[in-house]
Amino acid sequence: MPHFHGMTLQWLGHATFFLETAQGTSILIDPWIESNPSCPKGWKAPGKIDLVLCTHGHGDHIGDALSMDQRYHPTFVGIYELTGWLASQGVKKTVGMNLGGSYRFHDVNICMVEAKHSSSIEGKGAVIYAGVAAGYVLQIEGEPVLYHSGDTALFSDMKLLRELYAPEVACLPIGDHFTMGPRAAALAAEYVGAREVIPMHYGTFPQLTGRPEELRHHLQGKEIEVVDLQPGGILR
Ligand code: NI
Ligand code: MN
């Protein structure tokens, strides 16, 4: 049974996803491609990329933002300070937002939501403030609501996402160490009311020890499905 109604969602390893809507809008979430050890070698977008959504400033999320800009000339969406930094690096098209706000692009409504994590950019000899870390809720015409939490700990205000947006599909980190692990992610899935969870942010580095089987174990009896994609795998 298809999950979507014409949309495709490809996991590129770690927290990076590429999605195309039925109406042809293409979105890259967290541009970490060439230097992402989990990303399929030589991955290229099938055509254009309209939007790049950045969750926060850490290198394993925006490490290839500038090369993506040069190749695809997309519009970068992120928290205000982060898009300001991208603009200072020569990125022409940016949309700076902040937590709780939304931005409409054709058939996609992008809501920036809270995450519990740090955010900064490693500059030359100094650490650059990059605002706070964020997640995204994507309301796409004709599709189930999608939640990408970004890097985050579990927090009880995730229940507000259920009330406000009712996401059905959630991309949640399970690796532990830098984010929540499988047990907390299981509770996060319940808090947001997801029916399907796509585990992410695991296996990339030795510290990220959480695994989808553990998430599945903690979700036993909950009627929440774990969709265990391989890097490069596409959900339709
Ligand atoms: Ni991070
Ligand atoms: Mn990370």
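Me: Which strands does helix α5 lie across, and at about what angle does it run to β13?
Reply: We're looking at a predicted model here. Helix α5 covers residues 182–192. It lies across β12, β13 and β14, and its angle to β13 is about 150 degrees.

Me: Tyr 191 has its place in helix α5. Which residues does Tyr 191 touch, not counting residues up to four places away in sequence?
Reply: Leave out anything up to four places away in sequence, and you get a list that includes Leu 154, Phe 155 and Ser 156. The rest of what Tyr 191 touches is Met 158, Lys 159 and Arg 162.

Me: And how many Å separate the C-alpha atoms of Tyr 191 and Arg 71?
Reply: Along the chain, Tyr 191 and Arg 71 are 120 residues apart. In space, their C-alpha atoms are separated by 38 Å.

Me: Back to the strands: which are the edge strands of the open sheet?
Reply: The sheet has seven strands with mixed pairing, in the order β7-β8-β11-β12-β13-β14-β15. An edge strand pairs on one side only. That gives β7 (102–105) and β15 (225–226).

Me: In which sense do β13 and β14 pair, and what is the bridge partner of Val 169 in β14?
Reply: Residues 169–173 form β13 and residues 196–200 form β14, and the two pair in the parallel sense over five bridges. Pick Val 169 and look across to β14: its bridge partner is Glu 196.

Me: Now the metals. Which residues coordinate the nickel ion (ligand 1)?
Reply: The donors sit at 2.2 to 2.4 Å. Along the chain they follow the spacing H-x1-H-x58-H-x33-D. Put names to them and you have His 56 (NE2), His 58 (ND1), His 117 (NE2) and Asp 151 (OD).

Me: Why is the arrangement of the four donor atoms around the nickel ion (ligand 1) irregular?
Reply: To count as tetrahedral, four donors need all angles between 85 and 135 degrees. Square planar needs opposite donors over 155 degrees apart and all others between 65 and 115. The arrangement is irregular because the angles here run from 87 to 179 degrees.

Me: Which residue bridges the nickel ion (ligand 1) and the manganese ion (ligand 2)?
Reply: The two ions lie 3.2 Å apart. The residue that bridges them is Asp 151.

Me: Is Asp 151 buried or exposed, and what about His 117?
Reply: Buried means under 20% relative accessible area, and exposed means over 50%. Asp 151 has 2%, so Asp 151 is buried. His 117 has 21% relative accessibility, so His 117 counts as partly exposed.

Definitions and conventions:
Residues numbered from 1 in each chain as written. Chains lettered and ligands numbered in written order. Predicted model: local features only at pLDDT ≥ 70, side-chain atom pairs only at ≥ 80, totals over all residues. Heavy atoms only, no water. Pairing = 2+ DSSP bridges. Helix = DSSP H or I, 4+ residues; strand = E, 2+ residues; numbered from the N terminus. Contact = heavy atoms within 4.5 Å. Axes fitted to C-alpha atoms, helices over the stretch in contact; angles between N-to-C directions. Donors = N, O, S within 2.8 Å, 3.2 Å for Na, K, Ca; no water. Tetrahedral: all angles 85-135°; square planar, octahedral: opposite > 155°, others 65-115°. Buried < 20%, exposed > 50% of the residue type's maximum accessible area, 1.4 Å probe, protein only.
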